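Here is a short briefing on one protein chain. Look at the model first, then read the points below.

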Amino acid sequence: MKACLICLVFFTSFSALSQNIIYMIGDGMGPNYLTAYRYWLQKNPNKQIDQTIFDELWTGMAKTHPDDNTFITDSASAATALNTQVKSYNGAISVTADQTPLTTILEKSKKLNYTNAIVVTSQITHATPAAFYAHQELRKQYPQIADQIVDNKINNQPILDLMLGGGIKDLIRDDRNILAELQQLGYQTQADYAKLDQLNKLPAAGIYFDKGFPSAIDEYPNRLADMTEKALSLLASTNKFFLMVESSQIDWCGHSNDIACALAEMNDFAKAIKIAKHYVDTHPDTQLVITADHETGGLSIGSDGVYKWQTQYIDQTKSSIRVASKALFSAKSLAKTWSKYFQFELEETNLQALTKLQKAGDEKQFKQKLTQYINEKSFTGWTSGGHTAADVPILSYGKHSQLFSGFMDNTEIAKKLDSLLR
Ligand SMILES: [Zn+2]
């Protein structure tokens, strides 16, 4: 009896402790991206392979199929499943097939007096973050989603107490200025990313670029990590918080089949995860859960039957293919401009092929040829310019990590997170 009482007291205090939640989502981050990141960091192939932060925290896998017969989810449907516990159709922002709103996990946490925060490198209105605070028939209805930042209220307050990300175009419009409305509601607001340091109180909204941030490989390589650190510094003084962090652009690089771009995003995400893990170490009342919404691109490490992956060509790629292609296509001297973006030599045959497409004015083909060339150099394979149905990794850290171990449906992650809210 005595033992049971001690047990009960221990269990109660143990359960009551874990109340902050950090939920991190790598958009498009299939397990192959974790593999790629691990081997990309390994610079000497003869050395022992070091563990990455992803390897260290990896506890399970999840299936991601949407509520239709396609097997392949988009980010809207996946984010709906990952926070409302219910699968819906592709394009749905936290609504059912008949457009009934589904209660989001941030609506629930707000009712329980949590301080809610979202940090993303896409627009704050993009599918993944939107599904946490809005209900919309179609993900592309950005202005309607933006309106819900202010209009969707719990206890007469907006759902988000802190938002950091892109999307000025959706928030500051001719018909409505959501950022100004937030300011009137008492939010500290800013639209200049250089001033991130000056954010010093909640509620707050930092919306920095017209759409998403530039790619990490092109500019601000640590922006997700820096915003995560800022968010946690502001949230540390709250009673309890729910922070959702999305590494939004792993997916965008995957759609472009751009491996150097994807790895730069993974690197920023890894730094953000390390910051979150450190927060859990110093605040054990916090549970960290990391997953992905789906895989993008059908990435393979090794291609064309060749048993090697030549990461030196990835290291020597100094910009996203999107940015490099644009500059090279309009360059007077392709050969001279090349070295600004790539530190390996452009062979004569490829120079000729690219010059031919440049002269023909075919920018799309030019970009495709460039992408193919970079992937052939490194032996990186891709099967799609879209998403795939590959299962995704689950990583966790904190006292309740056993809940997130093993294989489960993506809706189970939401259910288990929900069980931690108190
Ligand atoms: Zn995508």
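The notes below cover an annotated site and a set of charged pairs.

The model is predicted. An unreviewed UniProt entry places the annotation "active site" on Ser75. Across the structure there are 18 salt bridges. Three of the pairs are described here, starting from the annotated serine.

**The annotated serine**

- Ser75 carries the "active site" annotation in the unreviewed UniProt record.
- Ser75 belongs to helix α4, which spans residues 75-84.
- Ser75 has a relative accessible area of 2%. That value is under 20%, so Ser75 counts as buried.
- Beyond its neighbours within four places in sequence, Ser75 contacts two histidines, His294 and His387.
- Asp27, Ala127, Thr128, Arg139 and Asp293 are also in contact with Ser75.

**Arg139 and Asp74**

- Arg139 touches Ser75 and also forms a salt bridge with Asp74, at 3.2 Å from N to O.
- This pair links distant parts of the chain, 65 residues apart. Arg139 sits in the loop between α6 (127-133) and α7 (142-151). Asp74 sits in the loop between β2 (58-63) and α4.
- Arg139 is buried, at 15% relative accessibility. Asp74 is buried too, at 11%.

**Lys277 and Glu56**

- Lys277 and Glu56 form a salt bridge, with their closest N and O atoms 3.5 Å apart.
- The two residues are 221 residues apart and link distant parts of the chain. Lys277 lies in helix α12 (residues 259-282), and Glu56 lies in helix α3 (residues 53-57).
- Is each partner buried or exposed? Lys277 is buried, with a relative accessible area of 17%. Glu56 is partly exposed, at 44%.

**Arg176, Asp147 and their network**

- Arg176 and Asp147 pair through their side chains in a salt bridge of 3.6 Å, N to O.
- Arg176 is in the loop between α8 (168-171) and α9 (178-184), while Asp147 is in helix α7, so the bridge ties together parts 29 residues apart in sequence.
- Both Arg176 and Asp147 are buried.
- Which residues join these two in one network? Salt bridges with shared partners connect Asp147 and Arg176 with Asp151, Arg173, Asp175 and Glu181.

**Background on charged pairs**

- Oppositely charged side chains can pair when their charged atoms come close.

Note on methods. Residues numbered from 1 in each chain as written. Predicted model: local features only at pLDDT ≥ 70, side-chain atom pairs only at ≥ 80, totals over all residues. Heavy atoms only, no water. UniProt positions renumbered as here; feature names shortened; annotations may be inferred. Helix = DSSP H or I, 4+ residues; strand = E, 2+ residues; numbered from the N terminus. Buried < 20%, exposed > 50% of the residue type's maximum accessible area, 1.4 Å probe, protein only. Contact = heavy atoms within 4.5 Å. Salt bridge = Lys/Arg side-chain N within 4 Å of Asp/Glu carboxyl O.
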